[in-house]
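Me: I am learning how the words used for protein structures are justified, and I would like to go through this one slowly. Could you explain the reasoning behind each term as we meet it?

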Amino acid sequence: MAAQTWLSRNIAVYVDNPTAMRDFRAQLRGNKAIALWSLYLFVMMGFTLINYYTISQSGSLSVTDIQFRLRSFYDNSMYMLAAAICLITPSLTAGSIVVERQRKSLDLLFSAPVSLKGMLVGKMIGAYRYTLMLLILSIPMTSVAVVMGGATWSDVLQTYAILSFGGLVLTSIGLLISSLSETVGAAVIWTYLASGLYLYGILVVGSLAPPTGPSSSDMPFLLGMNPFFAVMTGPSHTLTAGHEIPNWILIGLVSVLICRLSLLGAASHLSPFGSKETQSFRIQSALYLFAGLLLVGSNSRAFYDPKAVADAVGVLCGILIVFMPNILSYSVDGGKKFGYDGPPQVTGTFTGARSGSLAYLLLLWLAITLGVFIALLISVPNFAPDPGSQLARETQLVNRLADYIPPFFYSAVWTFGFLFMFWGLARGISARAKTLKNSRSGLICAMVLFFGLPLPVLSMITANDVYRENGLFSNHIWAVYLAYPFANHLATAPIYAGLMVVIGFAGLAAERERLKQPVISG
Amino acid sequence: MLEVRGLKKNYGDLVAVNGISFSLNPGDVFGFIGSNGAGKTTTIKMIATLIEPNGGTALVNGFDILQDPLDVRRQIGYMPDFFGLYDDIKVWEYLDFFANIYGVTSRLRPEVIDNVLEMTDLTVKKDAFVQSLSRGMQQRLCLARCLVHDPALLLLDEPASGLDPRARAELKDLLVSLGKRGKIIVVSSHILPELADFCNTVGIIERGNMLALGPVDEVVKAGQAHRTIRIRFLSSVETAEKFLHTQPLVSDLRPDSDGCLVIGFTGGLEDQATLLDELIAHGHKVLDFREEQADLEDLFLRITTGAVQ
């Protein structure tokens, strides 16, 4: 009986979804749709002709040259497709929620027994169907590459799968931003900014990541999360627990998880205080973070450098900056969801209550540090021993672990101080702000003040300085920058963490002072 | 049955709805009256589970708006004071979309859509695009949407706003027929004479407080401190005025612009007849003697101050 209910509920969400059906009818109707698809085909056709013309301009060529050119033809076609995916897919969902909110049809939906999951999944299905249409319409173009011998159908299918996953992630980002935005313009701008940031972040992190495949030519699957690298990561594999897993499968899994988290984030924002969507979002975000780090980090090639371990903790905690205003700030106009509800409490960790924001932030911090640390413990015994060393393998491993622990510890402690500082500042600023918008803006300003502004100023002052042997600046003025010991893995990081905790307490003192006046109400 | 128990909503320091309570039975057509910002829409939205109350609750056929919001939504049809229509979609597709959301099976949907279109007189517009409909038709389409799942309670927020007189009359007839079918209808409106025509219960709200509540006649009567009688004389008004001043049941007396005397009278019907006898007996030539009937509008203007949040 329970299985039948579960099945019928999921059929209603994934198969007979009313939102997807409505979008489908509107998407494929009228001259506008025909004109858009025709335009897309003409652009693709034009590009293919130019691409072909570029590779065919020469006289006699060796077989290798011809092979190289055909492969270039295929690669360029896929880059073009990736560009189309990156440009078109974010816009498919960027306005979807905000338009409903402006048209006030969202109220009609929420007065009906529609689940948030059903509505959001319906919008995703509509957008993903559009992405698939983009890929299907490009088949004639890629067929040329296959027929000429530039690629195999296997390559094409793997790359298409990765491209479609990329489209899925970008549309889910669009949906998340749309649920947070108040105007269509803002939603579109922020969606493209967030998508750009995501693609750039993948590029940076993926470039720094070591090869995790069975051979050094295998691209890390992380890089494939960016559609522009689909063609390169498609044929690669990743070594996980001794098994070679095709990258497109891992990319698909991670994309679905990112998509799920984005949808849960959107649902959490659209739902009332303490909803199960908020609880699921908070639990699953910590869980995925921990599991993901464990999965990636346990690969023996992932933590090739002690500093990479420390950086992983710092970078991941740093990403939380983006979400901090939403997690921490409160205001008198914030209602039950974003209003003041008393001093910190563990009970509010998953409900989204402001009193639980510190506990939730620390949970994420714990998920990151523990995830990295446990992954490190798992991966270290798999390191290949140094053949030139006279020491026993066990001693080598202990020494190696000893190299990793200090920078990891500095990083973990520093990020704790960093998070605590912004929590305290957020409380202090929120207590004095009259609106939620002011409260969040204030926190963003504090972030810029502490970590953004000093960078160009100090860089200008020390522009002509020479580096010391250890890579640090010879001018000690950089010591005033709170992130300096963290960025350089210095043993002074815990001292800076202490300083940041003090700043956090100053924020709390400011809040307490303000709360003595009867202004804040729940 | 709808039972509202002490519903309360605050926005910071602003009290939008201050613990209002009422209950309605099947067939009741409840007119919810109040100025803009009085708290009507907030109350309706709380019953529709769109806004979470700060206190109190409401039960719709036994389902609590806080505990069982999804079950409550299955029982209600909510029509806001805006259309919320989608573009590039046909009338039947719009209804099909909502029928699907409300769980009407794909086998039953065509029949349900035909029925609600017939009920709202939109059958001829079944294949038209919603944006091509007139305002009155769009309003009826919204009502049709509310009916696709045969709800027990209809929450209609300003359904007649912006409609021409014919469309209003048609809407009124439709609501009356729905009330006769046993649905509970909550209608908020500014057009009080129309509400009085088809509502059997009214509630007057101001600054989040329910000032008056009950059957229309009782509320109007309860709102009157005394009867108002208009008397036209053929003879001198001054002498009649002097006489009326001596009568113990006449509480208030003033001449109006038509040369009549308007008196406040605290007695009953028998006393009215006696007063008329006395006037004639004292030689006053009475041309017209009638009690003025108070209506909802009078009552509304008398008991409200026009203050908003």
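Me: What makes the six strands in the order S6-S7-S8-S3-S9-S10 of chain B an open sheet, and which strands stand at the edges?

Reply: This is a predicted model, and in it six strands of chain B line up in the order S6-S7-S8-S3-S9-S10, with mixed pairing. At the edges stand S6 and strand S10 (209–215) of chain B, each with a single partner strand, so one side of each is left without a neighbour in the sheet. Ignoring direction, neighbouring strands here are turned by 15 degrees against each other on average.

Me: How do you know that strand S9 of chain B is paired with S10(B)?

Reply: Two strands pair if at least two bridges are found between them, and strand S9 (residues 201–206) of chain B is joined to S10(B) by six bridges, the two running antiparallel. As one example of residues facing each other, B:Ile204 stands opposite B:Ala212 in S10(B).

Me: Which helices of chain B lie against these strands, and at what angles do they run?

Reply: Helix H5 (residues 135–147) of chain B packs on the sheet, where it touches S6 and strand S7 (153–157) of chain B, and its direction makes about 160 degrees with that of S6(B). Helix H6 (residues 165–180) of chain B lies across strand S3 (29–33), S7 and strand S8 (184–188) of chain B, and it runs at about 150 degrees to S8(B).

Me: What makes S12 and S14 the edge strands of the four-stranded sheet in chain B?

Reply: Four strands of chain B form an open sheet in the order S12-S13-S11-S14, with antiparallel pairing. Strand S12 (250–255) and strand S14 (286–292) of chain B are called edge strands because each pairs on one side only. From one strand to the next, the twist averages 20 degrees.

Me: How do you know that S13(B) is paired with both S12(B) and S11(B)?

Reply: The rule asks for at least two bridges, and S12(B) meets strand S13 (residues 261–265) of chain B over five bridges in the antiparallel sense. Within that pairing, B:Pro255 has B:Leu261 as its bridge partner, and B:Asp252 stands opposite B:Gly264. Five bridges also join S11(B) to S13(B), again running antiparallel, and here the bridge partner of B:Arg230 is B:Val262.

Me: What lies between S12(B) and S13(B)?

Reply: These two strands form a hairpin with five residues between them, and B:Gly259 in the turn has a positive phi of about 85 degrees.

Me: Where are the domains of chain B, and how far apart do their centres lie?

Reply: Chain B is divided into domain 1 (2–216) and domain 2 (227–293), whose C-alpha centres lie 46 Å apart.

Me: How many residues does each chain give to the contact between chain B and chain A, and which element of chain B gives the most?

Reply: The contact takes 23 residues from chain B and 20 residues from chain A. On the side of chain B, the elements giving two or more residues are helix H2 (69–75), strand S6 (76–79) and helix H3 (91–101), and H3(B) gives the most, with five residues.

Me: Why is chain A called as compact as a globular protein of its length?

Reply: Chain A has 22 helices and two strands. Its radius of gyration is 26 Å, which is close to the 24 Å that the globule rule gives for 522 residues, so chain A is as compact as a globular protein of that length. Buried residues make up 41% of the 522 residues in chain A.

Me: What makes one side of helix H8 of chain A a buried face, and what covers the buried residues?

Reply: A residue counts as buried if 20 or more other C-beta atoms lie within 10 Å of its own, and in helix H8 (residues 139–148) of chain A the buried residues are A:Met141, A:Thr142 and A:Ala145. Seen down the axis of H8(A), they fall within an arc of 90 degrees, so they line one face of the helix. What covers them includes helix H3 (30–55), helix H4 (63–94) and helix H9 (153–180) of chain A, while A:Ile139, A:Pro140, A:Ser143 and A:Val147 are exposed on the other side.

Methods:
Residues numbered from 1 in each chain as written. Chains lettered and ligands numbered in written order. Predicted model: local features only at pLDDT ≥ 70, side-chain atom pairs only at ≥ 80, totals over all residues. Rg over C-alpha atoms; globule rule 2.2 N^0.38 Å. Buried ≥ 20, exposed ≤ 12 C-beta atoms within 10 Å, placed from the backbone. Arc of directions from axis to C-beta. Contact = placed C-beta atoms within 7 Å. Axes fitted to C-alpha atoms, helices over the stretch in contact; angles between N-to-C directions. Domains from an automatic or database assignment.
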